[in-house]
Amino acid sequence: PTADFDSIPIEITHGTAPALTLPVDDVDERSDVAVDDLDDVPLAELRVVSAKARRALAGTPLFAGLEPDALESLVQQLELVHVGAGEVLFREGDAGDALYVISEGEVIVQSEGPPRVEMSRLGTGAFFGEVSLVTDQPRSATVVTATASELLRIDRAVLARILDTHPEVLRVVLRFVRDR
């Protein structure tokens with residue numbers, strides 16, 4: 001016999017979706033689950049950081065000097081963000097909670113003005129957002145995607161975990177904050 005999935009005691013979480021708890025009724029140790037029933041079970045989304053994204057991170061001056069284990073630890077904890085062309089990532093004056101590395105694409109850094117002024121364009125391997133991340137100062141510019149882009153997002157919590165095991169990262173980050 002096969003078990004009815006409505007009676008399996010299990011909690012499933014998937015990304016930011018609420019947990020799904022199934023009732024515990026009618027479960028005994030003799031219940032089996034048929035392989036065909038597994039098609040109905042939601043699987044966690046695979047998180048794949050492309051080789052290009054890894055190269056972009058390793059080639060970014062901010063992280064280029066990291067030991068391989070520190071870099072791998074960072075790769076395992078960062079968030080991969082896909083955005084279309086013309087999307088605002090954040091606006092001048094917003095609170096900053098993350099820095100970004102461009103894995104693919106291009107972004108426009110602009111001052112809100114008035115008048116609005118394009119200050120620079122950043123492409124693959126460039127990074128931005130580190131000043132607000134480290135200083136708690138509001139964002140100093142607006143960043144908009146010029147093309148569809150893949151970004152590596154590193155927030156405060158990730159940076160703090162990296163610093164626990166690789167404190168040398170802080171010196172590098174602070175150097176770039178000072179230079180900007």
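Of the 180 residues in the chain, 35% are buried. The structure is a predicted model, and the chain contains five helices and 10 strands. About 10,800 Å² of the chain is exposed, and carbon and sulfur atoms supply 53% of that area. When contacts between residues at least 6 apart in sequence are considered, 70% join residues at least 24 apart.

Helix 1 spans residues 51-59, and its buried residues are Ala-53, Ala-56 and Leu-57. Seen down the axis of helix 1, these buried residues fall within an arc of 95°, and they therefore line one face of the helix. Their packing partners are helix 2 (68-77), strand 5 (98-104) and strand 10 (149-155). The face of helix 1 turned away from this buried side carries Arg-55 and Gly-59, both of which are exposed.

Strand 10, one of the elements against which the buried residues of helix 1 pack, also holds Arg-153. With a relative accessible area of 15%, Arg-153 is classed as buried because this value lies under the 20% cut-off. A polar contact of 3.0 Å links the side chain of Arg-153 to the side chain of Asp-97. Asp-97 also appears among the residues in contact with Arg-153 when neighbours within four places in sequence are left aside; the others are Leu-78, Glu-79, Val-81, Ala-98, Leu-99 and Tyr-100.

A further buried position is found in strand 9 (residues 142-145), where Thr-145 is placed. The relative accessible area of Thr-145 is 2%, and the residue is accordingly buried. Leaving aside neighbours within four places in sequence, Thr-145 is in contact with Val-83, Gly-84, Ala-85, Gly-86, Glu-87 and Leu-89, and also with Glu-106 and Val-107.

At the surface, a nonpolar patch is formed by Val-134, Leu-170 and Leu-174, which together have about 200 Å² of accessible area. Leu-170 is found in helix 5, which comprises residues 168-179. The relative accessible area of Leu-170 is 36%, so this residue is partly exposed. Because membership of a patch requires over 30% relative accessible area, the value of 36% for Leu-170 is consistent with its place in the patch alongside Val-134 and Leu-174.

How values were computed:
Residues numbered from 1 in each chain as written. Predicted model: local features only at pLDDT ≥ 70, side-chain atom pairs only at ≥ 80, totals over all residues. Heavy atoms only, no water. Patch = residues over 30% accessible without salt bridge, like charges linked within 9 Å, V, L, I, M, F, W, Y side chains within 5 Å. Areas by Shrake-Rupley, 256 points an atom, 1.4 Å probe, with all protein chains shown as cover. Salt bridge = Lys/Arg side-chain N within 4 Å of Asp/Glu carboxyl O. Helix = DSSP H or I, 4+ residues; strand = E, 2+ residues; numbered from the N terminus. Buried < 20%, exposed > 50% of the residue type's maximum accessible area, 1.4 Å probe, protein only. Arc of directions from axis to C-beta. Contact = heavy atoms within 4.5 Å. Polar contact = N/O pair within 3.5 Å; in protein donor to acceptor, adjacent residues only side chain to side chain.
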